[in-house]
Amino acid sequence: MTASVADRAEHAFSAHFGCAAQTVACANGRVNLIGDHVDYAGGVVLPMAIAQQTAVAIARNARGEDQFHSSAPVDIAWSRYARGVLTELRALGIAVPPVSIAVESDVPVGAGLSSSAALEVSVARAALLLIGTTLPPRDIAFLCQRAEHLHAGVPCGIMDQWCVAHTDPNALAHEAILLDCARTTDERVTLPSGLRIEVIDSGVRHALRDGGYAARRQDVSDAAAAMGLEVEHLAEASDAAIARLSTRLARRARHVVTEIRRVHAAVAALRCRDFEAFGRLLRESHASLRDDFDVSTPEVDVVVERALTRGALGARMTGGGFGGCVVAAWTVA
Ligand code: GLA
């Protein structure tokens with residue numbers, strides 16, 4: 001039997017630091033079924049947790065400063081995310097002592113499956129567990145988002161941290177989270193039996209710090225501002241107002257407005273078991289992200305096409321884009 005990621009983290013801790021970890025905490029990755037690049041525009045999104053997890057083993061140390069170790073081939077800058085979470089916990093007045101941390105992860109990095117949020121949330125959970133404190137999942141989500149903004153330099157929305165912080169690693173269900181990012185309220189959407197979700201890795205890796213993500217986010221803000229709207233209200237833009245924007249901003253705004261409609265329609269389709277409609281919405285979402293939002297890549301497009309040729313109901317890129325994974329839906333015979 002292969003060791004769980006939590007066991008591996010504890011083992012890595014003692015091997016590296018020469019003493020036992022005091023506790024270990026996990027957090028899952030997520031796949032977004034539909035609703036990409038709308039969370040920072042006050043849209044609705046439909047992520048669900050995946051089985052792959054990140055684990056953080058932790059103990060107090062007497063060195064007076066935090067220490068980090070990971071044997072996994074994680075992003076070089078991963079410790080910035082971990083440090084950022086500890087800094088933000090302490091900034092809230094939560095007395096986290098100097099700690100040593102070892103990380104192991106089964107969530108692929110740069111694959112659009114929220115490896116960063118899984119790392120952030122597992123660090124937060126481990127530090128809180130260590131000192132016998134808890135925070136509500138919503139507070140953990142916002143704290144981790146702040147850590148990513150301030151310490152990793154990625155101006156992400158709230159979708160990933162929200163989904164990961166609201167998932168119990170010991171009770172994974174066949175359900176998605178419908179999150180309204182403007183109100184930050186959510187509800188669970190049970191996936192109907194007969195529908196199978198597959199995650200396919202294109203093998204192309206992204207780094208959201210590379211600037212494409214921030215540039216898209218800026219375009220969306222510029223489009224809203226040019227129409228005299230707060231970015232959280234971009235979904236209310238009329239077709240006429242969008243048509244008056246520059247070509248690029250019009251394409252960005254059209255993606256956001258149509259994607260938010262597709263999320264609502266996808267939830268309605270799941271609730272009435274209309275698998276054909278759900279699949280069509282995934283396909284339309286991919287076309288919009290590829291053609292209007294320019295965040296797909298030729299390799300990802302090929303993976304989507306192959307899934308459709310193999311008989312998937314629908315398939316689309318998932319997450320921030322510029323590589324990473326495809327999510328596909330299938331009917332189960
Ligand atoms: C990344 C960000 C999220 C979201 C997605 C795109 O995963 O962290 O906030 O914007 O990209 O939907």
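Q: What is the strand order in the open sheet of three strands?
A: Let's start with the sheet of this predicted model, where local features need pLDDT of at least 70, side-chain atom pairs count only at pLDDT 80 or more, and totals for chains, interfaces and linings use all residues. Strands are DSSP runs (E, at least two residues; helices are H or I, at least four), numbered from the N terminus, and two strands pair if DSSP finds at least two bridges between them. The pairing here is antiparallel, and the open sheet of three strands has the order E8-E10-E9.

Q: Which strands are the edge strands?
A: An edge strand of this sheet pairs on one side only. Residues are numbered from 1 along each chain as its sequence is written, and side-chain values use heavy atoms, with hydrogens and water left out. The edge strands are E8 (195-201) and E9 (314-317).

Q: Which residue in E10 stands opposite Ala315?
A: E9 and strand E10 (residues 325-331) run antiparallel and are joined by four bridges. Opposite Ala315 stands a residue of E10, Ala328.

Q: At about what angle to E9 does helix H10 run?
A: Helix H10 (residues 298-309) lies across E8, E9 and E10. Angles run from 0 to 180 degrees between N-to-C directions, with axes fitted to C-alpha atoms, for helices over the stretch in contact; contact means heavy atoms within 4.5 Å. H10 runs to E9 at about 170 degrees.

Q: Is His37 buried or exposed?
A: His37 sits in the loop between strand E1 (23-32) and strand E2 (44-45). Its phi is positive, near 60 degrees, in a residue other than glycine. Buried means under 20% relative accessible area, exposed over 50%, partly exposed in between (1.4 Å probe, protein chains only). Because its relative accessibility is 4%, His37 counts as buried.

Q: Which element gives the largest share of the lining of the largest pocket?
A: A pocket is an open set of points on a 1 Å grid over the protein atoms alone, where a 1.4 Å probe fits, with protein on both sides within 12 Å along at least five of seven lines; lining residues have an atom within 4 Å of a point. The elements giving two or more residues to this lining are H3 and helix H4 (137-152). The largest share, three residues, comes from H3.

Q: What volume does the second largest pocket have?
A: Among the 13 lining residues, Gly42, Asp180, Ala182, Arg183 and Glu232 lie nearest its centre. Grid points are joined across faces, edges and corners, and a volume is the space filled by probe spheres set on the points. For the second largest pocket, that volume is about 150 Å³.
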